[in-house]
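Work through the exercises below with the sequence and the model open. Try each task before you read its solution.

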Amino acid sequence: MNTILVGAQWGDEGKGKIIDVLTEEADIVVRSQGGNNAGHTVEIGKEKFVLHLIPSGILRAGKKCVIANGVVIDPVALVGEIEGLEKRGIKLANRLLISETAHLVLPYHRALDEQRELRKGRNKIGTTKRGIGPAYGDKAARTGLRMIDLVRPKTFSTKLKSRIEENNAILESLGGAPLSFREVEKAYLDAGRKLAPYITNTVVWLHGQLEKQKRILFEGAQGTFLDIDFGTYPFVTSSNTTAGGSCTGSGIPPHRMDRVVGVMKAYTTRVGEGPLPTECAEVSDMLHAMGREFGATTGRARRCGWFDAVATRYARVVNGIDELAITNLDGLDTLMEIRICIAYECRGKRIAFPPNDAEELLHCRPIYRKFAGWQRPTSDVRHFKKLPVAAQRYLKALAELTGARLRIVSVGAQREQTFTV
Ligand code: IMP
């Protein structure tokens, strides 16, 4: 059974935790898009792990993890992540594989990300400033450097020199500081030496594993509405965060995928700029006061709102979601009344799917259905039938309005605070 796991909202759906749970049924976990803009949090007992590039599957002994071709890698950050895990007793040797065709994030990508955001002023995207957009830009423009270059120091240095010259000119014209070729060269070649044992042809390796009937879990990063094609463009990230990205980002063809699991929160959150139709200050204030909803990568407070079934319905069709994992149900425990957006009213018309124009989305007014709250803690519940009836009713409505089968419910950050339905 090969499973694709995607975020059905704007990212931060709690994917790290669900991946950790589903990894029990998998042999290999593959990350196929995005970069260290992602932050997947997993809490095991008293320990908290935040992973940015390495698949969360690494926390389960014996499981193999792949950073595949579709990912953009900051090698220095990746070395830091590997060393951080090793210090905490997680063994990576013979368990982590890195694609030789994955593109590199270089310091000029980060600098350009920052300069472009600065120049956009009020219209900024609110990126994580990890250089993701410029790195994918270079990939598409065919001016990128890849992992395969990093392990060939001569080739790397020649290519890097010319890329730094061009990018320094751009950076200076934007008012940024130029980079030192020597410093970047040294830092990257050092990182390259440390990463070399992990770098390989992951496409060939993965197909070999498929022949051995190994079960693969594809770990999505970010969420459907941050997808470069299907999200609220231009307030998106620069990769395909939707199910198809797992195929192009790994080299595993679509017919080898068996199911798609969509992860969504029991409410909606977004970090960064861009439209969020169900945004609600009271929901944000309540969750922040509980100490919840601060970004794992940048620490920014997330914008919060009611569950948006117009969005998740679209996510279901674009990703082909079969099963749902609903997280953070316990975040709503104290509310007397809960709302679900079932449609939008847009310029006098009722619509069931979001418009493609982010500007138009700003004119959409959510149409809500109200639900009674349960006002009881759910974080100790381990069976669907033991949930308060109002919570059961609410979850069933989320699944029905989205159009997929409810499979997993999460009621807290801990591994055990999860049950299947
Ligand atoms: P970038 O991916 O850093 O270019 O950021 C583009 C947009 O995607 C911004 O709104 C970010 O806040 C958002 N974003 C990127 N990665 C994540 C993530 O892992 N979770 C939530 N939002 C993200």
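**Exercise 1. The second largest cavity**

Which residues line the second largest cavity? Find the strand that gives the most to this lining, and sort the lining by class.

Solution.
Step 1. Note that the model is predicted.
Step 2. List the lining. The residues are Ile4, Leu5, Val6, Ser32, Gln33, Glu219, Gly220, Asn240, Thr241, Thr242 and Ser246.
Step 3. Look up the elements. Strand S1, residues 3-7, gives the most, with three residues.
Step 4. Sort by class. Three residues are nonpolar, seven are polar and one is charged.
Step 5. Add the volume. The second largest cavity holds about 40 Å³ of space.

**Exercise 2. The largest cavity**

Count the cavities of 30 Å³ or more. Then describe the largest cavity by volume, lining and class.

Solution.
Step 1. A cavity is a set of grid points where a 1.4 Å probe fits but cannot get out. The count at 30 Å³ or more is two.
Step 2. The largest cavity has a volume of about 50 Å³.
Step 3. Its lining consists of Phe225, Phe230, Gly231, Thr232, Tyr314, Pro354, Pro355, Asn356 and Leu361.
Step 4. By class, six of these residues are nonpolar and three are polar. No charged residue takes part in the lining of the largest cavity.

**Exercise 3. The second largest pocket**

What is the volume of the second largest pocket? Name the residues closest to its centre, then the elements that supply two or more lining residues.

Solution.
Step 1. The volume of the second largest pocket is about 150 Å³.
Step 2. The pocket has 13 lining residues, and Gly70, Tyr136, Lys139, Asn240 and Thr248 are the closest to the centre.
Step 3. Two elements give two or more residues to this lining: helix H4 (132-141) and helix H9 (244-248).
Step 4. By class, the lining has two nonpolar, ten polar and one charged residues.
Step 5. Compare with Exercise 1. Asn240 is among the residues closest to the pocket centre, and Asn240 also lines the second largest cavity.

**Exercise 4. Around the ligand**

Which residues come nearest to the ligand? Give the polar atom distances for Asp12, Val271 and Arg300.

Solution.
Step 1. There are 15 residues around the ligand, and Asp12, Asn37, Thr128, Thr237 and Val271 come nearest.
Step 2. Take Asp12. A polar atom of its side chain lies 3.0 Å from a ligand nitrogen.
Step 3. Take Val271. Here a polar backbone atom is 3.0 Å from a ligand oxygen.
Step 4. Take Arg300. An N or O atom of its side chain is 3.0 Å from an oxygen atom of the ligand.
Step 5. Test each pair. A polar contact needs N or O atoms within 3.5 Å, so a pair at 3.0 Å passes.

**Exercise 5. Backbone geometry**

Locate the cis peptide bond from Tyr233 to Pro234. Then place Asp12 and Arg142, and state whether each is buried, partly exposed or exposed.

Solution.
Step 1. The bond from Tyr233 to Pro234 has omega near 5°. Pro234 sits in the loop between strand S10 (216-219) and H9.
Step 2. Asp12 is a residue other than glycine with positive phi, near 60°. Asp12 belongs to the loop between S1 and helix H1 (15-22). Its relative accessible area is 23%, so Asp12 is partly exposed.
Step 3. Arg142 also has positive phi, near 65°. Its loop runs between H4 and helix H5 (147-150). Arg142 counts as exposed because its relative accessibility is 75%.

**Exercise 6. Cysteines**

How many disulfides does the structure hold? Explain the result for Cys341, and give the burial of Cys280.

Solution.
Step 1. The number of disulfides is zero.
Step 2. Cys280 is in no disulfide, and the nearest cysteine sulfur, in Cys304, is 9.4 Å away. Cys280 counts as buried, at 15% relative accessibility.
Step 3. For Cys341 the closest cysteine sulfur is in Cys364, 9.0 Å away, which is too far for a bond. Cys341 counts as buried, at 0% relative accessibility.

Terms used. Residues are numbered from 1 along each chain as its sequence is written. This is a predicted model: local features need pLDDT of at least 70, side-chain atom pairs count only at pLDDT 80 or more; totals for chains, interfaces and linings use all residues. Side-chain values use heavy atoms; hydrogens and water are left out. On a 1 Å grid over the protein atoms alone, a cavity is a set of points where a 1.4 Å probe fits but cannot get out, and a pocket is an open set with protein on both sides within 12 Å along at least five of seven lines; lining residues have an atom within 4 Å of a point. Grid points are joined across faces, edges and corners, and a volume is the space filled by probe spheres set on the points. Helices (H or I, at least four residues) and strands (E, at least two) are DSSP runs, numbered from the N terminus. Ala, Val, Leu, Ile, Met, Phe, Trp, Tyr, Cys and Pro count as nonpolar, Asp, Glu, Lys and Arg as charged, and the others, Gly among them, as polar. A disulfide is a pair of cysteine sulfur atoms within 2.5 Å. Buried means under 20% relative accessible area, exposed over 50%, partly exposed in between (1.4 Å probe, protein chains only). A residue is near a molecule or strand if one of its heavy atoms lies within 4 Å of it. A polar contact is a pair of N or O atoms within 3.5 Å; within protein, one must be able to donate a hydrogen and the other to accept it, and residues adjacent in sequence count only if both atoms are side-chain atoms.
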